[in-house]
Amino acid sequence: PSVKSILKSSSTNDSMQRAGLRKTALSFKPASFLLIVTVLTVSCAPSAHPDSYRTAREQMVKNDIEGRAISDPAVLRAMLKVPRHLFAGSKNIDVAYSDSALPIKENQTISQPYVVALMTATAELTSTDKVLEIGTGSGYQAAVLGEIVKEVYSIEIIETLARESSKLLHELGYKNIKVKHGDGYQGWKEESPFDAILITAAAPKIPEPLTDQLKTGGRLVMPLGETRTSQELIVLTKTENGLDKRFVTRVVFVPMTGEVRNPKGEDS
Ligand code: SAH
């Protein structure tokens, strides 16, 4: 590209700024000119662009999230921002923005984008909230939460997944998300109470230690059901008088394992 085309590509309506740019461009020495050209070329190449999946993500949000009546602006913004292709695993990279759950390591799944958005919207989050997630998996839902709330605590029962998602979230700069390896059934008592809790694996019953760790007014969103075909996404709101339960929709999640199915003191 010529100096002229560079000037043209950095188009701005501000003529003062344009004049300033021209002056600067003309005073470049050849070496710095070459450097600028290289930087411009590299940063414009789609494959080298750090977010060349942006268009696919925009389509996903428009068709599968907004298109299915999710309108919470914070949720839409978060879904537009989080690079799902980095959480879905290299094998799934080409289909990372399809609206489906995808297999990840250890026989687990990254949830369907619509369901992630629905659970997040159902939790009615605000930017000052402290949230607990049970079932970190790929870390995708945690990242979406991390874009919206102040602090996210996430527990994953499979060590490899806890370690890898924690590393990825760290690399992506999410300083407000903490991941720990363990059974989420008992929650994260030291950090309780929480404004909201999301369980992203299907439990046959409501884990009582988790409702205990909700603030009054807090929401617990979870798939409840014994088998794959019997799961209902529900939201429980903690009130002064107990828990209000509301049915959201039918869903299919991988099972919540550990103490919820095998209470302590009982043999498996
Ligand atoms: N939220 C995840 C979805 C992961 S699938 C994502 O966005 O990718 C559900 C995850 O819950 C699995 O990784 C599974 O290992 C985990 N899990 C199941 N039972 C659990 C338990 N008792 N405590 C913590 N994690 C659990």
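Let me begin with a term: a salt bridge here is a side-chain nitrogen of Lys or Arg within 4 Å of a carboxyl oxygen of Asp or Glu. With that in hand, and bearing in mind that what we are looking at is a predicted model, the side chains of K105 and E164 qualify, since they meet in a salt bridge with an N to O distance of 2.8 Å. K105 sits in the loop between β1 and β2, while E164 belongs to helix α9, residues 159-171, so this pair ties together parts of the chain that are 59 residues apart in sequence. As for their surroundings, K105 has a relative accessibility of 46% and therefore counts as partly exposed, and E164, with a relative accessible area of 35%, is partly exposed as well.

That pair belongs to a wider set, because a search of the whole structure, using the 4 Å criterion, finds eight salt bridges. Let me take two others.

In one of them, the side chains of R219 and D129 meet at 3.3 Å, N to O. R219 lies in strand β7, residues 214-224, and D129 lies in the loop between α7 (113-122) and β3, so here the parts tied together are 90 residues apart in sequence. Are these two residues buried or exposed? R219 is buried, and D129 is buried too.

Strand β7 comes up again in the next pair, where the side chains of K215 and D195 form a salt bridge at 3.1 Å, N to O. This one links distant parts of the chain, with K215 in strand β7 and D195 in strand β6, residues 194-199, the two being 20 residues apart. The partners fall into separate classes of accessibility: K215, at 31% relative accessibility, counts as partly exposed, whereas D195, at 12%, counts as buried because the cut-off for that class is under 20%.

Let me turn now to the ligand. Which residues come closest to it? There are 26 residues surrounding the ligand, and the closest are E133, S138, E156, G184 and T257. Looking at individual atoms, a polar side-chain atom of E133 lies 2.9 Å from a nitrogen atom of the ligand. Backbone atoms take part too: a backbone N or O atom of G135 lies 2.9 Å from a ligand nitrogen, and a backbone N or O atom of T257 lies 2.8 Å from a nitrogen atom of the ligand. On its own the ligand has 580 Å² of accessible area, and the protein covers 99% of that. The elements that give two or more residues to this shell are β2 (109-110), β3 (130-134), α8 (140-148) and β4 (151-156). Sorted by class, the shell holds 11 nonpolar, 12 polar and three charged residues.

One residue in a loop also deserves a word, namely S90, which is found between α6 (84-87) and β1 (102-103). At 67% relative accessibility, S90 counts as exposed, because that class begins over 50%. The C-alpha atoms of S90 and I104, which are 14 residues apart along the chain, are separated by 9.6 Å.

Finally, the overall picture. The secondary structure comes to 10 helices and nine strands, and buried residues make up 41% of the 268 residues in the protein. Among contacts between residues at least 6 apart in sequence, 52% join residues at least 24 apart. The accessible surface of the protein comes to about 14600 Å², with 54% of it belonging to carbon and sulfur atoms.

Terms used:
Residues are numbered from 1 along each chain as its sequence is written. This is a predicted model: local features need pLDDT of at least 70, side-chain atom pairs count only at pLDDT 80 or more; totals for chains, interfaces and linings use all residues. Side-chain values use heavy atoms; hydrogens and water are left out. A residue is near a molecule or strand if one of its heavy atoms lies within 4 Å of it. A polar contact is a pair of N or O atoms within 3.5 Å; within protein, one must be able to donate a hydrogen and the other to accept it, and residues adjacent in sequence count only if both atoms are side-chain atoms. Accessible areas come from the Shrake-Rupley method with a 1.4 Å probe; for residues, only the protein chains shown count as cover. Helices (H or I, at least four residues) and strands (E, at least two) are DSSP runs, numbered from the N terminus. Ala, Val, Leu, Ile, Met, Phe, Trp, Tyr, Cys and Pro count as nonpolar, Asp, Glu, Lys and Arg as charged, and the others, Gly among them, as polar. Buried means under 20% relative accessible area, exposed over 50%, partly exposed in between (1.4 Å probe, protein chains only). Contact means heavy atoms within 4.5 Å.
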